[in-house]
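Subject: Structure handover

Hello,

Here is the structure for you to take over. Please open it alongside this message.

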Amino acid sequence: MMNKWKKVLGVALAGVMCVSLASCSMVQVNQDRDAAQVVAEVNGAQVTKGQVAEATEAMLSMYGMTVATFTQQYGEDQLASMRSSALQSLVQSEMLYQKAIEDGLVDESDENKAAVKAEIETSLQSLKDSIKANVEADETIAEADRQAAIDKQTEQFITMYGYDDIDQRVADKIKNDAIAKVKENIDAEVTFTEDEARTFYDEQVAEQQPKVEEDPANYATYNSSSIAVVNPADARYIKHILLQIPEDVQTEIKELRTNGDDAGADVKRDEALAAIKAKADEVLARANAGEDFDALVTEFGEDGGMKSEPAKTEGYLVYKDSGMVAEFEEAALGLAENAISGLVATDYGYHILKNVKDAGGVIPFDTIKDKIMEKKLTEAQTTHLNGVYDELSEQYNVKTYADKI
């Protein structure tokens with residue numbers, strides 16, 4: 001990981017020409033010295049600038065970005081914020097590790113080290129097997145070139161995931177396991193009971209019901225910022241089977257509408273719909289004949305959202321001005337409970353809708369109890385953990401030098 005950081009810094013220094021071996025060596029020394037700067041201390045343990053850079057890179061890589069691309073898109077101020085977050089995370093992890101040591105939760109026995117090493121080596125072998133299988137299945141790689149491709153990709157991934165230093169991976173895993181244990185113990189100190197959930201629910205019903213009845217748009221606000229306990233009066237859960245117009249044609253239709261050519265878009269859509277009409281009619285007939293709707297969604301549906309939770313189980317919550325495509329929303333709001341629509345045409349294709357359940361008004365407590373308890377417990381645990389961090393910060397005499405990052 002340190003090598004990654006050095007490469008990023010090297011990009012930033014690309015405009016500086018190394019005119020001699022001595023000057024290049026000096027640049028490397030300065031880079032190493034810069035990375036070794038101490039930016040935080042926790043009970044005697046040090047966090048370096050290089051570690052912050054590595055952690056920042058790791059955070060960005062989760063979004064498929066590098067320091068350079070992130071900075072170009074969001075600017076230096078946001079990068080500084082990312083580095084501050086990385087520093088805070090490293091300090092918090094070190095505090096939990098120090099507490100794990102105090103609590104006797106760090107297992108550095110030879111037996112555990114051997115078990116962890118075996119686990120890591122198994123993961124490494126799985127990675128190698130996966131790389132080999134993918135390369136051998138890639139018909140664009142000539143057979144004579146496959147071993148070289150396997151070797152190259154294996155070397156890249158081994159470095160990327162830190163398998164080039166197994167002993168360090170073992171030490172990191174033991175440390176992370178200890179941190180996870182102490183955090184689990186801290187979380188276990190917090191509870192959130194069903195009675196507390198009921199109290200929260202009753203308070204939210206009293207607050208949300210008049211506001212949602214006054215303006216259904218308030219439902220979306222509660223749903224995004226808290227827990228919605230009141231649905232708009234006309235709400236219902238809708239599942240649908242989408243028989244899709246080809247995506248390139250969808251793009252053409254969208255561009256025509258964007259350019260104000262609705263007539264041209266309609267012609268393009270009608271042509272595309274005609275091509276899938278026979279199949280849509282067949283699926284509709286099977287739905288009307290009583291076949292299991294969920295099974296038909298699985299077999300024919302081309303809306304990815306219907307294949308993931310909660311929509312897979314519940315359907316989409318649709319109400320007036322819920323943000324659905326106009327034709328879809330109009331058809332949904334016209335369906336009685338358990339009724340199935342005819343073919344509903346939109347710029348995406350043909351939809352066959354089913355009103356799974358009318359859902360307007362106050363959501364029953366038993367329906368939403370688990371969601372409330374999970375969310376409120378998580379919130380309580382986060383608050384408690386932050387309090388523990390404050391206590392440990394004093395106990396371990398934590399010092400941070402954020403200006404150095």
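Below is what I found, sheet by sheet, then a pocket and one loop residue. Keep in mind that this is a predicted model.

**The four-strand sheet**

One open sheet has four strands in the order 5-4-7-6, with antiparallel pairing. Strand 5 and strand 6 (344-346) are the edge strands. Each has a single partner strand, so one side of each lacks a neighbour in the sheet. On average, neighbouring strands here are turned by 45° against each other, direction ignored.

Strand 4 covers residues 236-244. Eight of its nine residues are buried. How many bridges join strand 4 to strand 7 (residues 349-358)? Nine, and the two strands run antiparallel. Within that pairing, Leu242 has His351 of strand 7 as its bridge partner.

On the other side of the pairing order, strand 4 meets strand 5 (residues 316-318) through three bridges, again antiparallel. Ile238 stands opposite Tyr316 of strand 5.

Strand 7 also pairs with strand 6, in the antiparallel sense and over three bridges. There, Thr346 has Gly349 in strand 7 as its bridge partner.

A helix packs here too. Helix 13 lies across strand 4 and strand 7. Its direction is about 35° to strand 4.

**The three-strand sheet**

A further open sheet has three strands, ordered 2-1-9, with antiparallel pairing. Why does one side of strand 2 (45-48) and of strand 9 (399-400) have no neighbour in the sheet? Both stand at the edges with a single partner strand each, so one side of each is left without a neighbour.

Strand 1 (residues 38-42) is joined to strand 9 by two bridges, and these strands run antiparallel. Glu41 stands opposite Lys399 in strand 9.

Two helices lie across this sheet's strands. Helix 3 (residues 49-61) lies across strand 1 and strand 2, at about 60° to strand 2. Helix 5 (residues 76-102) lies across strand 1, strand 2 and strand 9. Helix 5 runs at about 30° to strand 1.

**The second largest pocket**

This may be the part you want for grid work. The second largest pocket has a volume of about 610 Å³. Which of its 24 lining residues are closest to the centre? They are Tyr219, Tyr237, Glu314, Ile363 and Lys371.

Several elements each supply at least two residues of the lining. The helices are helix 10 (217-225), helix 14 (311-314) and helix 16 (365-395). The strands are strand 5, strand 7 and strand 8 (361-362). Strand 5 and strand 7 also belong to the four-strand sheet described above.

By residue class, the lining has 13 nonpolar, seven polar and four charged residues.

**One loop residue: Lys307**

Lys307 sits in the loop between helix 13 (293-300) and helix 14. Is Lys307 buried, exposed or partly exposed? Its relative accessibility is 47%, so Lys307 counts as partly exposed; the cut-off for exposed is over 50%.

Setting aside neighbours within four places in sequence, Lys307 is in contact with Val297, Gly301 and Lys312. The C-alpha atoms of Lys307 and Ala287 are separated by 18 Å. Those two residues are 20 residues apart along the chain.

Over to you.

Best wishes

How values were computed:
Residues are numbered from 1 along each chain as its sequence is written. This is a predicted model: local features need pLDDT of at least 70, side-chain atom pairs count only at pLDDT 80 or more; totals for chains, interfaces and linings use all residues. Side-chain values use heavy atoms; hydrogens and water are left out. Buried means under 20% relative accessible area, exposed over 50%, partly exposed in between (1.4 Å probe, protein chains only). Two strands pair if DSSP finds at least two bridges between them. On a 1 Å grid over the protein atoms alone, a cavity is a set of points where a 1.4 Å probe fits but cannot get out, and a pocket is an open set with protein on both sides within 12 Å along at least five of seven lines; lining residues have an atom within 4 Å of a point. Grid points are joined across faces, edges and corners, and a volume is the space filled by probe spheres set on the points. Ala, Val, Leu, Ile, Met, Phe, Trp, Tyr, Cys and Pro count as nonpolar, Asp, Glu, Lys and Arg as charged, and the others, Gly among them, as polar. Contact means heavy atoms within 4.5 Å. Axes are lines fitted to C-alpha atoms, for helices over the stretch in contact, and angles run from 0 to 180 degrees between N-to-C directions.
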